[in-house]
Amino acid sequence: MISINLPIIGEEEIRAVTDVLKNGLLTSALGTGPKVTAFEQEFAKFVNVSHAVAVNTGTSALHLALVSAGIKPGDEVILPSFTFVATAEAVVIAGGIPVFADIDPLSFNINPKEIEEKITNKTKIILPVDLFGLPADLKPICEIALSRNLAVIEDAAQAHGARYSGKPIGSLANAACWSFYASKNMTTGEGGIITTNNDDMAESLSMLRTHGEKTKYSSLMLGYNYRMSEIQAAIGLIQLKKLPNFVAKRTKNAKKLTKLLSKETQLELPADSECMTSSWNLYTVKIKDSSEKERDRIVESLRKNGVGAAVYYINPIHLMPFYKENFGSYHLPKTEKAAKEVFSLPVHPGLEESQVEFIAETLIKIL
Ligand SMILES: Cc1ncc(COP(=O)(O)O)c(C=O)c1O
């Protein structure tokens, strides 16, 4: 089976981990070991911002970014429902109320116009997601936020290497949150990082991740243990160097799929533009006006034939039992339609050209 995503780990990562294990410093009590610090510096350079604070997961990154943006119990955060559950989960953990806005059906990302309609006097933060590697429409979102005195925290968990107006994503929002889970464009096994240009935010983030401490045994605020280990950071340093090649290969595979599938009138192929350049974490297509059953049949058939297609996301968050019970009913027609029509195909950098051709041929045959 061609898997939907695959971590690409080489000898360099294995050597880097072995070196850490042999040196004995596996982690540091304040989360500021030499590998973590070097990784933060390199990642900040990559995003072109002044600070990066490494943590243990992307979910922790979102939680801490919301806390350091000043979220208080009952504050509303506007976010899409068509995303991985961690985006909303972080809002709830931070004491906020998730308020779901509908998407643009072409990009699958939150629609800025829908955001405006959801703003109330309790709104504090806008939380767009760069879904499948495609940047959310950050410029209008940041303009709305600026005019209403709101913060923008970007969920860039799936989008390492994506660009907005030619610049790396992550620099427009007040902070951006990244994941290094194994299916992401680069991985540390589990891991996350927050990037920001805000000095105060960076300082509070680095305390929040380690028990609210600046110095040991003297907590200045309520904190957490969300530290990244030296082992994870050692892998991250190597993966970050490889990231531009990984993204270039993903882009090549995505362009090839688009070329091979472009005559299939039943399919709507993923959007990408000069303004919003995808980093292709997933190649997500839509079966136009199909039933959910029909889409599931196609995915099942692809899998039977060796193509690890998958549906992200079969349940939008507002329809999940916990969120429905606690945060009320929503009618998000574009989100609900997308969840019934989409499925994703592999474009990861481990694919041979012949495998990309096989994926397209198999799908065409099934259609
Ligand atoms: C959009 C999105 N947000 C947040 C996360 C959470 O990241 P992690 O799994 O590292 O906690 C993920 C990844 O799994 C994600 O895809």
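This is a guided tour of a predicted model, arranged as a series of selections.

**The two domains**

Begin by colouring the protein chain by domain: residues 11-239 form domain 1, and residues 247-366 form domain 2. The centres of these two domains, taken over C-alpha atoms, are separated by 25 Å. Next, select the boundary, where 29 residues of domain 1 are in contact with 27 residues of domain 2. On the domain 1 side, strand S3 (97-101) and strand S6 (163-164) each supply at least two residues of the surface that touches domain 2. S3 gives the most to that side, with three residues. Colouring the domain 1 side by residue class shows 17 nonpolar, nine polar and three charged residues.

**The ligand and its shell**

Now centre the view on the ligand, which has 14 residues around it. Which of these come nearest to the ligand? They are Thr-57, Gly-58, Thr-59, Ala-157 and Ser-179. Helix H3 (58-68) and helix H4 (86-93) each supply at least two residues of this shell. By class, the shell consists of five nonpolar, eight polar and one charged residues.

**Helix H3**

Keep the ligand displayed and select H3. Why is H3 described as largely enclosed by the rest of the structure? Eleven of its eleven residues are buried, so the helix is largely enclosed. The buried residues of H3 include Gly-58 and Thr-59, both of which also appear among the residues that come nearest to the ligand. Further along, the buried residues include His-63, Ala-65 and Leu-66. After H3, select Gly-70, whose phi is positive, near 95°.

**The nonpolar cores**

Ala-65 and Leu-66 lead to the next selection, the largest nonpolar core, which has 107 residues. Ala-65, Leu-66, Ile-125, Ile-153, Cys-177 and Ile-194 touch the most other members of this core. Helix H8 (residues 230-261) gives the most to the core, with eight residues. Both domains take part, as the core draws at least three residues from each of domain 1 and domain 2.

For a view of the packing within this core, select Ile-125. Leaving aside residues up to four places away in sequence, Ile-125 touches Leu-66, Ala-69, Ile-71, Val-77, Leu-150, Ala-151 and Ile-153. A second, separate core of five residues can then be shown; among its members are Phe-180, Tyr-181, Met-186 and Phe-246.

**Helix H6**

Move to helix H6 (residues 138-148), in which Leu-138, Ile-141 and Ala-145 are buried. Orient the view down the axis of H6: the buried residues fall within an arc of 65°, so they line one face of the helix. An α-helix has 3.6 residues a turn, so residues three or four places apart point the same way. On the other side of H6, select Glu-143, Leu-146 and Ser-147, which are exposed. The packing partners of the buried residues of H6 are helix H5 (112-118), strand S4 (123-126), strand S5 (151-155) and S6. Just after H6, Asn-149 takes a positive phi of about 60°.

**Lys-256 in helix H8**

Finish on Lys-256, which lies in helix H8. Lys-256 counts as partly exposed because it has 17 C-beta neighbours inside 10 Å, whereas a buried residue would need 20 or more. To close the tour, draw a distance between the C-alpha atoms of Lys-256 and Gly-236: these residues are 20 apart along the chain, and the separation is 29 Å.

Note on methods. Residues numbered from 1 in each chain as written. Predicted model: local features only at pLDDT ≥ 70, side-chain atom pairs only at ≥ 80, totals over all residues. Domains from an automatic or database assignment. Contact = placed C-beta atoms within 7 Å. Helix = DSSP H or I, 4+ residues; strand = E, 2+ residues; numbered from the N terminus. Nonpolar A, V, L, I, M, F, W, Y, C, P; charged D, E, K, R; others polar. Near = placed C-beta within 6 Å. Core = buried A, V, L, I, M, F, W, Y, C linked by C-beta atoms within 7 Å. Buried ≥ 20, exposed ≤ 12 C-beta atoms within 10 Å, placed from the backbone. Arc of directions from axis to C-beta.
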